[in-house]
Amino acid sequence: YEHQLVVLGVHASSGDAYTSPVGGFPDFRTEEGTEWYAHFKFAANPIGTINRQNNCYGYLSSQWADVVSETVNGTPNIRLLSAVKYNEDDRELKVSVYSKFLEEFSDKYSLTVCIMEDSIVGKQIGQGDSYVHRHVFRKCMNGTWGAELNTEVIAPEEEIIKSYSLTLDEAYNADQCYIIAYVSNSDTKEVLQVAEKKIK
């Protein structure tokens, strides 16, 4: 699906052995991932959300292809763009996200800005020590559920810009890091639009 599909791999569970890696396995757990997993009441892995739509959060891996194929044909009603500036000397990362709402929105909406690191080589069960872990969620720049975009009705063609900055963790490979920003309904958590951009 090329740029129609943005993937974020969140490592979390309710406490099984896969959550507590030992013996050289990489530890990709995060506070945000743990909170998401608990909030959506997942019971097992692998599990997937696809836009968190229709209050259905727990799709089995065997269902992903069919649900994605149905979802990508929707018509977007938000335009989302991100601008990224990264300083290699001090690892300062600055991100600005531009949202343009193409119709009236009456609910409350939030913007979440995530850091994703791709192609991390590490140990994996049944795959040896050189498995390539893809689309690994690292952290949120503006909180687990993001920052609220509006308190009033959003008018058609209204534009909102939000900016954030942080010092990129030394453990992250900046050459493989991306910003994933998404707009979601603050109450239902449904994702309405997403943008992905490499930081370098």
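**Entry 1: Glu170 and its partner**

I started with Glu170, which counts as exposed because its relative accessibility is 66%, and exposed here means over 50%. I kept in mind that this is a predicted model. Next I looked for what the side chain of Glu170 meets, and I found Arg91, in a salt bridge with 3.8 Å from N to O. Glu170 sits in the loop between strand S10 (158–167) and strand S11 (177–185), while Arg91 sits in the loop between strand S3 (78–87) and S4, so the pair ties together parts that are 79 residues apart in sequence. Is Arg91 buried or exposed? I looked it up: Arg91 counts as buried because its relative accessibility is 12%, and the cut-off for buried is under 20%.

**Entry 2: Glu157 and Lys100**

My next pair was Glu157 and Lys100, whose side chains meet in a salt bridge at 3.1 Å, N to O. This pair also links distant parts of the chain: I placed Glu157 in the loop between strand S9 (147–148) and S10, and Lys100 in strand S4, 57 residues apart. Glu157 counts as partly exposed, at 45% relative accessibility. Lys100, with a relative accessible area of 15%, is buried.

**Entry 3: Arg138 and Glu117**

How far apart are the closest N and O atoms in the salt bridge of Arg138 with Glu117? I noted 2.9 Å for this pair. Arg138 belongs to strand S8 (residues 136–140) and Glu117 to strand S5 (residues 109–117), so their salt bridge ties together parts that are 21 residues apart in sequence. I then checked the accessibility of both partners. Arg138 counts as buried at 16% relative accessibility, and Glu117 is buried with a relative accessible area of 4%.

**Entry 4: the salt bridges as a set**

I wanted the total as well, and a search of the whole structure gave me seven salt bridges. I also came across a network of salt bridges that links Glu88, Asp175 and Lys200.

**Entry 5: Leu93**

Back in strand S4, which runs over residues 92–101, I stopped at Leu93. Leu93 counts as buried because its relative accessibility is 0%. Which residues does Leu93 touch, leaving out those up to four places away in sequence? My list has Val84, Lys85, Tyr86, Ile115, Met141, Tyr164, Ser165, Leu166, Leu168, Ile179 and Ile199. I also compared its position with that of Val67, 26 residues apart from Leu93 along the chain, and I found 34 Å between the two C-alpha atoms.

**Entry 6: helix H2, side by side**

Val67 led me to helix H2, residues 64–71, where the buried residues are Val67, Val68 and Thr71. Why do these residues lie on the same side of H2? The reason is the arc they cover around the axis, only 100 degrees. I then turned to the face of H2 that points away from the buried side, and there I found the exposed residues Ala65, Asp66 and Glu70. What do the buried residues of H2 pack against? They pack against strand S2 (59–60).

**Entry 7: a patch on the surface**

I went to the start of the chain and found a nonpolar patch on the surface, formed by Tyr1, Leu5 and Val7, with about 260 Å² of accessible area together. Val7 lies in the segment before helix H1 (31–39). I read 35% relative accessibility for Val7, so Val7 counts as partly exposed.

**Entry 8: stepping back to the whole chain**

Last, I looked at the overall picture. I counted two helices and twelve strands in the chain. From the N terminus on, I wrote the order of elements down as α-β-β-α-β-β-β-β-β-β-β-β-β-β. The radius of gyration is 17 Å, close to the 16 Å of the globule rule for 200 residues, so the chain is as compact as a globular protein of that length. I noted a span of about 55 × 45 × 30 Å for the C-alpha trace along its principal axes.

How much of the chain counts as buried? My note says 40% of the 200 residues. For the accessible surface I wrote down about 11300 Å², with 46% of that belonging to carbon and sulfur atoms. Finally I checked the contacts with a separation of 6 or more: residues 24 or more positions apart account for 64% of them.

Methods. Residues are numbered from 1 along each chain as its sequence is written. This is a predicted model: local features need pLDDT of at least 70, side-chain atom pairs count only at pLDDT 80 or more; totals for chains, interfaces and linings use all residues. Side-chain values use heavy atoms; hydrogens and water are left out. Buried means under 20% relative accessible area, exposed over 50%, partly exposed in between (1.4 Å probe, protein chains only). Helices (H or I, at least four residues) and strands (E, at least two) are DSSP runs, numbered from the N terminus. The arc is that of the directions from the helix axis to the C-beta atoms. Contact means heavy atoms within 4.5 Å. Patches are made of residues with over 30% relative accessible area and no salt bridge: like charges are joined within 9 Å, nonpolar side chains (Val, Leu, Ile, Met, Phe, Trp, Tyr) within 5 Å. Accessible areas come from the Shrake-Rupley method with a 1.4 Å probe; for residues, only the protein chains shown count as cover. A salt bridge is a side-chain nitrogen of Lys or Arg within 4 Å of a carboxyl oxygen of Asp or Glu. The radius of gyration is taken over C-alpha atoms; the globule rule is 2.2 Å times the number of residues to the power 0.38.
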